[in-house]
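Here's a quick briefing to read alongside the structure. Have the viewer open and follow along topic by topic.

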Amino acid sequence: MSDMIRSPTTTYVVNKVLARGSAHNVYLVTDEKDERWYMLKMSLDIPGNGRLDREVLILKDIEREVERIRSTAVSASGGALQYEKCFPRLRESFLFKEQGNRRINILEIPDTKSVESLVPIEQWRTRERVLIDPKSSAWLMGRLLKVFTLTHPIGISVGKINGGNILVNPEKHRAIFFDWTEAYQYDKYVPPEKVGEEISQAATQVFIALGGNLATGLLPSSDQLLDTQYAELLIEFMSGRERDPDKAAVRFYKLVREMWVEEFHPFTTIPM
């Protein structure tokens with residue numbers, strides 16, 4: 001692959017490969033004009049362009065909904081809902097003629113200083129051999145539920161929910177689903193069974209990051225957990241029985257506020 005990629009608007013310098021997949025690769029690139037970093041996805045072949053085309057349509061629909069909400073809605077505390085920080089932002093998409101007209105998507109991760117600030121949720125357990133503490137898991141689960149409160153009502157399912165596709169910015173308390181090439185657009189609302197499935201998949205990843213035992217449904221002992229309510233709610237989410245993202249978010253935050261004083265908690269990991 002060329003070290004320079006010219007788009008219709010600018011030229012990108014390819015810095016390194018971030019991931020190789022069965023349908024597309026992901027690269028870290030820098031815009032020659034503004035020297036800002038972006039993530040570049042390139043399909044492996046022309047038949048694979050369809051997945052990146054789908055991601056373009058999905059992210060544009062999400063951006064329109066974010067703008068609609070931002071212009072009309074405020075949270076109960078009077079602050080902006082800030083959905084714009086919950087999703088990757090599509091900067092541009094084009095066919096790269098030098099590589100046989102393969103589709104390229106250029107993505108920006110909002111409110112993130114560098115790619116090193118982003119950690120796949122599975123990395124703490126598999127590479128760093130650490131667990132996240134319950135309070136850190138609470139804001140993480142809350143961020144994922146917040147994504148569903150926007151996408152599911154407009155008929156968009158994430159599609160790919162696993163430990164590699166949940167990127168976390170511990171410093172900024174942000175979490176996003178990075179890859180939307182397997183997302184699906186329904187005519188209206190996402191079917192309840194699919195909503196339950198995606199809430200289940202997200203809760204499972206958080207439960208695993210906590211060090212939870214999937215066989216017993218137990219979390220490691222912690223002075224942050226005085227009883228089993230938190231584990232029980234995550235397990236219920238994991239069952240797929242909760243099929244309304246708004247109700248899931250309300251239930252989750254109600255419990256979190258009952259358990260802990262509302263204050264800033266720095267992201268914390270614990271050796272395994």
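**Helix α1 first**

In α1, the buried residues are N49, L52, E55, V56, I58, L59, I62, E65, V66 and I69. An α-helix has 3.6 residues a turn, so residues three or four places apart point the same way. Keep in mind that this is a predicted model.

**More on α1**

- The helix runs over residues 49-72, which makes 24 residues.
- From its first C-alpha to its last, α1 reaches 35 Å, close to the 34 Å expected at 1.5 Å a residue.
- Two glutamates, E55 and E65, are on the buried list for α1, and so is the asparagine N49.

**The protein as a whole**

- The secondary structure comes to six helices and 13 strands.
- A compact globule of 272 residues would have a radius of gyration near 19 Å, and the protein agrees because its own value is 19 Å.
- Along the principal axes, the C-alpha trace spans about 60 × 40 × 35 Å.
- Of the 272 residues, 51% count as buried.
- Take the contacts with a separation of 6 or more: 67% of them come from residues 24 or more positions apart.
- About 13,400 Å² of surface is accessible, and carbon and sulfur atoms hold 49% of that.
- On the charge side, there are 36 positive and 38 negative charges, and their mean positions lie 2 Å apart.

**Helix α4 and S200**

- How far apart are the end C-alpha atoms of α4? They are 26 Å apart, which agrees with the span its 18 residues should have at 1.5 Å a residue.
- Helix α4 is mostly covered, with 14 of its 18 residues buried.
- S200 has its place in this helix, which takes in residues 192-209.
- Is S200 buried or exposed? S200 counts as buried because its relative accessibility is 13%, and the cut-off for buried is under 20%.
- Setting aside neighbours within four places in sequence, S200 is in contact with F237, M238, S239 and G240.
- Just after α4 comes G211, which takes a positive phi of about 90 degrees.

**Positive phi without glycine**

- E35 isn't a glycine, yet its phi is positive, at about 60 degrees.
- You'll find E35 in the loop between β3 (24-31) and β4 (37-43).
- With a relative accessibility of 65%, E35 counts as exposed.
- N101 is another residue other than glycine with a positive phi, in this case near 60 degrees.
- The loop that holds N101 sits between β5 (89-96) and β6 (102-108).
- N101 counts as partly exposed because its relative accessibility is 34%.

**Y38 in strand β4**

- Strand β4, which follows the loop with E35, is also the place of Y38.
- Y38 is buried, with a relative accessible area of 1%.
- Which residues does Y38 touch, leaving aside neighbours within four places in sequence? Its contacts are Y12, Y27, L28, V29, D31, R91, I106, L107 and E108.
- One of those contacts, Y27, is eleven residues away along the chain, and the C-alpha atoms of Y38 and Y27 are separated by 8.4 Å.

Terms used: Residues are numbered from 1 along each chain as its sequence is written. This is a predicted model: local features need pLDDT of at least 70, side-chain atom pairs count only at pLDDT 80 or more; totals for chains, interfaces and linings use all residues. Side-chain values use heavy atoms; hydrogens and water are left out. Helices (H or I, at least four residues) and strands (E, at least two) are DSSP runs, numbered from the N terminus. Buried means under 20% relative accessible area, exposed over 50%, partly exposed in between (1.4 Å probe, protein chains only). Contact means heavy atoms within 4.5 Å. The radius of gyration is taken over C-alpha atoms; the globule rule is 2.2 Å times the number of residues to the power 0.38. Accessible areas come from the Shrake-Rupley method with a 1.4 Å probe; for residues, only the protein chains shown count as cover. Lys and Arg count as positive and Asp and Glu as negative; His and the chain ends are not counted. The place of a charge is taken as NZ of Lys, CZ of Arg, CG of Asp or CD of Glu. The expected span of a helix is 1.5 Å times one less than its number of residues.
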